[in-house]
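Visitor: I would like a close look at a single part of this structure, with the side-chain contacts spelled out. Could you take me through one region and then show what surrounds it?

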Amino acid sequence: MAQCVRSTLTPSRTPQSFTRTVSTKTQAFASVSFLRTLPEFKRYPKQCSVVMSCQGKTQSQQQLSLDDLVTSNRKGEVLGTIKDSLSNCLSDTNLLETVPGLKSRIKGKVRDIYDAGDYLVLITTDRLSAFDRNLASIPFKGQVLNETSLWWFNNTQHITPNAIVSSPDRNVVIAKKCSVFPIEFVVRGYVTGSTDTSLWTVYKKGVRNYCGNELSDANILTPTTKAEDHDVPISPTEIVEGGFMTQAEFDEASMKALSLFEFGQRVAKEHGLILVDTKYEFGKSSDGSILLIDEIHTPDSSRYWLAGSYEERFQKGLEPENVDKEFLRLWFKENCNPYEDEVLPAAPAELVTELAWRYIFLYETITGSRIDILPTQEPIHDRISRNTSQALSSLRQL
């Protein structure tokens with residue numbers, strides 16, 4: 001059972017100990033400089049407040065149920081296209097051979113990052129990552145993640161500047177370089193989870209001070225830092241004393257992370273969803289500005305529950321109905337040891353298809369617009385190469 005206990009941010013002055021070796025490497029990323037106007041989306045007011053309680057009622061303007069996922073007419077419209085695309089996923093890229101001027105590639109869990117001189121090219125693939133490894137490739141996943149992040153980037157500029165320069169392709173963003181803080185700002189609204197780093201796992205072991213927070217009834221920030229083999233929880237004191245960020249940098253990024261999460265909760269609530277938890281990453285531009293980077297409020301970086309059924313299921317001790325990758329994560333946990341098994345079983349096609357639909361459902365529910373997933377005979381890699389080459393050529397002429 002994904003338990004629900006609200007928690008508050010109360011920093012502790014006693015550093016929490018951890019034993020894993022922490023990597024202090026930073027990457028290059030981007031500073032904000034829009035070269036084209038992003039699509040116009042629904043604008044939300046700059047000031048917003050969210051009232052959510054695990055014990056109290058959660059109201060939403062739109063009531064969603066699992067039936068909306070299972071029997072939606074829209075699902076019938078896209079299911080065939082998803083199935084036809086199972087063998088045409090973007091699992092890997094090699095733009096070094098197809099796009100002139102690229103210098104090197106960093107392969108992440110989901111994104112491939114290319115050095116283009118003054119810019120970085122970030123390709124969001126269809127790889128599904130969990131348990132610190134790749135589990136499967138999901139049709140249209142990269143496109144949905146990319147376009148979901150663009151929607152949120154566009155609608156959170158009143159909270160923080162972001163890293164996007166342009167998006168020349170459904171799977172691509174281009175950014176200017178900057179330094180990345182080696183910290184993930186994980187924000188949680190509920191004590192929940194199933195992995196060994198989840199908040200519920202440590203909470204049920206009796207931990208009541210986590211990453212410098214006393215657990216009670218508000219959103220909580222639980223940062224982690226990257227190690228070679230696993231993310232490591234870390235307290236605010238350790239972040240500053242370890243030289244990962246200055247106190248001023250941490251304070252600003254923390255404030256932005258909590259504000260972004262509160263805003264995301266409100267938007268999700270308006271569409272019948274609960275934003276359970278998420279992660280943010282920040283970078284520092286050459287002028288010293290702290291920028292939001294990577295992705296925001298996607299099904300990869302966040303967990304969403306259906307608000308309409310949450311309270312009833314919680315009272316009955318049932319798992320919340322979710323609209324993210326958690327059900328496929330749980331399938332792997334039930335059928336293997338995803339942390340230790342060298343070879344994992346192949347994800348069932350029906351679960352891969354269902355997850356592709358859920359990514360699309362979540363995007364369309366939040367944005368109120370339909371995503372273009374028209375089938376094409378052109379290989380995805382060829383399309384990305386062509387569009388990226390044209391975009392970089394235009395940028396270099398500026």
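Guide: Happy to; what follows starts at one threonine and works outward through its neighbours to the cores and the salt bridges. Please keep in mind that this is a predicted model.

Let us begin with Thr93, which sits in the loop between α2 (73-84) and β1 (104-107). Thr93 has a relative accessible area of 3%, so it counts as buried. Its side chain has two polar partners to look at. One polar contact, of 2.6 Å, links the side chains of Thr93 and Asp112. Another runs from the side chain of Thr93 to the side chain of Tyr114, also listed at 2.6 Å. Leaving aside residues up to four places away in sequence, Thr93 touches Arg105, Asp112, Tyr114, Ile123, Thr125 and His381. Two of these names, Arg105 and His381, give us routes onward.

Take Arg105 first. The side chain of Arg105 meets that of Asp92 in a salt bridge, with N to O at 3.0 Å. Arg105 lies in strand β1 and Asp92 in the loop between α2 and β1, so this pair ties together parts that are 13 residues apart in sequence. Both ends have some access to the outside: Arg105 is partly exposed, with a relative accessible area of 32%, and Asp92 is partly exposed at 39%.

Now take His381, which leads to helix α10, where His381 is one of the buried residues. Helix α10 covers residues 380-396, 17 residues in total, and spans 24 Å from first C-alpha to last, close to the 24 Å expected at 1.5 Å a residue. Its buried residues also include Ile380, Arg383, Ile384, Asn387, Ala391, Leu392 and Leu395. What do the buried residues of α10 pack against? They pack against the strands β2 (111-116), β3 (119-124), β6 (166-169) and β7 (172-176).

From here the nonpolar cores come into view. As background, nonpolar side chains tend to be buried together in soluble globular proteins. The largest nonpolar core here has 72 residues, and Phe185, Tyr280 and Phe282 have the most contacts inside it. Helix α9 (residues 349-367) gives the most to this core, contributing 11 residues. Apart from this core lies another, of 17 residues, and among its members are Ala116, Ile380, Leu392 and Leu395. Ile380, Leu392 and Leu395 are also on the list of buried residues in α10.

Phe282 is a good place to inspect the largest core. Not counting residues up to four places away in sequence, the neighbours that Phe282 touches include Val180, Phe181, Phe185, Ala253, Ala257, Leu260, Ile290, Leu291, Leu292 and Ile293. Lys256 is also on that contact list, and Lys256 brings us back to charged pairs. Lys256 forms a salt bridge with Glu252, the closest N and O atoms being 3.1 Å apart. Glu252 and Lys256 are 4 residues apart in helix α6 (residues 247-270), so about one helical turn separates them. Their surroundings differ in exposure: Glu252 is partly exposed, with a relative accessible area of 31%, whereas Lys256 is buried at 8%.

In total, the structure holds 28 salt bridges. A further one joins Lys279 and Glu184, with 4.0 Å between the closest N and O atoms. Lys279 belongs to strand β15 (residues 273-284) and Glu184 to strand β9 (residues 183-188), so the pair ties together parts that are 95 residues apart in sequence. Both Lys279 and Glu184 are buried. This pair is part of a wider arrangement: salt bridges that share partners join Arg111, Glu184, Lys279, Glu281, Asp294 and Glu295 into one network.

Finally, two backbone details may interest you. His297 has a positive phi of about 55° although it is not a glycine. His297 is located in the loop between β16 (290-293) and β17 (302-306), and its relative accessible area of 0% makes it buried. Asp132 likewise has a positive phi, of about 60°, without being a glycine. Asp132 is found in the loop between β4 (127-130) and β5 (133-137), and with a relative accessible area of 31% Asp132 is partly exposed.

Terms used. Residues are numbered from 1 along each chain as its sequence is written. This is a predicted model: local features need pLDDT of at least 70, side-chain atom pairs count only at pLDDT 80 or more; totals for chains, interfaces and linings use all residues. Side-chain values use heavy atoms; hydrogens and water are left out. A nonpolar core is a set of buried Ala, Val, Leu, Ile, Met, Phe, Trp, Tyr and Cys residues joined through side-chain atoms within 4.5 Å. Buried means under 20% relative accessible area, exposed over 50%, partly exposed in between (1.4 Å probe, protein chains only). Contact means heavy atoms within 4.5 Å. The expected span of a helix is 1.5 Å times one less than its number of residues. A polar contact is a pair of N or O atoms within 3.5 Å; within protein, one must be able to donate a hydrogen and the other to accept it, and residues adjacent in sequence count only if both atoms are side-chain atoms.
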